[in-house]
Every structure is written in C-alpha cells, then in structure tokens.
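Reader: I am new to this structure and would like a friendly tour. Could you show it to me before I start asking?

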Amino acid sequence: MQKKRILFVCHGNICRSPMAEFIMKDMAKRRGLEARFEIASAATSDEEIGNPVYPPVRSLLSARGISCAGKTAVQLCAADYARYDMFIGMDGANRRNMLRLFGGDPQGKVSLLLDYTERPRDVADPWYTRNFREAEADIDRGCAALLTYLAE
C-alpha cells in the first residue's frame, strides 16, 4: 500500500503546522497507523526558514511526550504539489497562499485542518493570539477528525 503523503501548512512553520505534524504522527503511531502515512509541514512565507519550532510549541509537545527535535522551518514550493497527496492549511490565508503558489488546485488536494471537524473554521495563529493551548486544542480536534477520515 502506498503511503498517503500529508503536508501541514501555516505561515511560518514554527507554531501551528509543526504542532499538527507531530500531533498527527503521534496519533497515527498510537493507533498503529504510522506506516500508512508520510507526514511533514511547511511554511507559505520565508520569514522563519531554518528556525526551530517555537519554544512554547516545543514545551506543549514535550508535555505530551512528543519530541520535535531537529525540525526547522521549510518553505512550501510549487513542486510540492506533485509530491504530496494532501495540503492541510491552518487558516484561509494559508489556503489562498497555497492556491496562488500552485496556480489553483486541479486535484482537490488543498483543505483546512478544521474542515474535517463538525465546526470548520480557522486555527487561530498563536504567534499573534499568544494562546498556544487554544491552538493545540483545535489542532488536536482537527488531527483526530482527519485521522478518522483517512482511516475509513
């Protein structure tokens, strides 16, 4: 079976998308599904490229027993459209930036994380809100719903 390749995307790839990447990897592993997926994350901007996961996010993940050691921000590029099966953005701005970069979405690969939940909306950016726990709760709900959707 070919792995489903999932790329989580946010503005800088230091807060929301790496949190989603590592939470999703952990959820898949705990459900014995990790072999079915290739999961990564990237940024739509170049502002944080090469920087590690933001310290408050590292702390939240660490408290869950999840390591994100070695992860640094990378930038999404047009060629990624052929490489990944799904692009999961955190908010509407991420979706617009992906569609602009990809020149559209002819294969229907672009969605938002909370589209998979009963209450679709944006995951607020904790870089601005400073509410990392709220973002974590949204990402938890989104990843659980996405994993259920993909496992069916």
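Reader: Where does Ser45 lie?

Author: Happy to help, and please keep in mind that this is a predicted model. Strand 2 covers 37–43 and helix 2 covers 55–63. Ser45 lies in the loop between strand 2 and helix 2.

Reader: Does Ser45 count as buried or exposed?

Author: Buried means under 20% relative accessible area. Ser45 has 9% relative accessibility, so Ser45 counts as buried.

Reader: Which residues is Ser45 in contact with, leaving aside its neighbours within four places in sequence?

Author: Let us begin with the polar atoms of its side chain. One lies 2.9 Å from the backbone oxygen of His11. A polar atom of the Ser45 side chain also lies 3.4 Å from the backbone nitrogen of Glu47, but Glu47 is among the neighbours within four places that your question leaves aside. The contacts of Ser45 are then His11, Gly12 and Gln75.

Reader: Now for the whole protein: what pattern does it follow along the sequence?

Author: The protein has six helices and four strands. Read from start to end, they give the pattern β-α-β-α-α-β-α-β-α-α.

Reader: What is the radius of gyration of the protein, and how does it relate to the globule rule?

Author: For 152 residues the globule rule gives 15 Å, and the protein comes close to this, so it is as compact as a globular protein of that length. Its C-alpha trace spans about 40 × 35 × 30 Å along the principal axes. The radius of gyration is 14 Å.

Reader: How far apart are the mean positions of the positive and negative charges?

Author: The protein has 22 positive and 20 negative charges. Their mean positions are apart by 3 Å.

Definitions and conventions
Residues numbered from 1 in each chain as written. Predicted model: local features only at pLDDT ≥ 70, side-chain atom pairs only at ≥ 80, totals over all residues. Heavy atoms only, no water. Helix = DSSP H or I, 4+ residues; strand = E, 2+ residues; numbered from the N terminus. Rg over C-alpha atoms; globule rule 2.2 N^0.38 Å. Lys, Arg positive; Asp, Glu negative; His and termini not counted. Charge placed at Lys NZ, Arg CZ, Asp CG, Glu CD. Buried < 20%, exposed > 50% of the residue type's maximum accessible area, 1.4 Å probe, protein only. Polar contact = N/O pair within 3.5 Å; in protein donor to acceptor, adjacent residues only side chain to side chain. Contact = heavy atoms within 4.5 Å.
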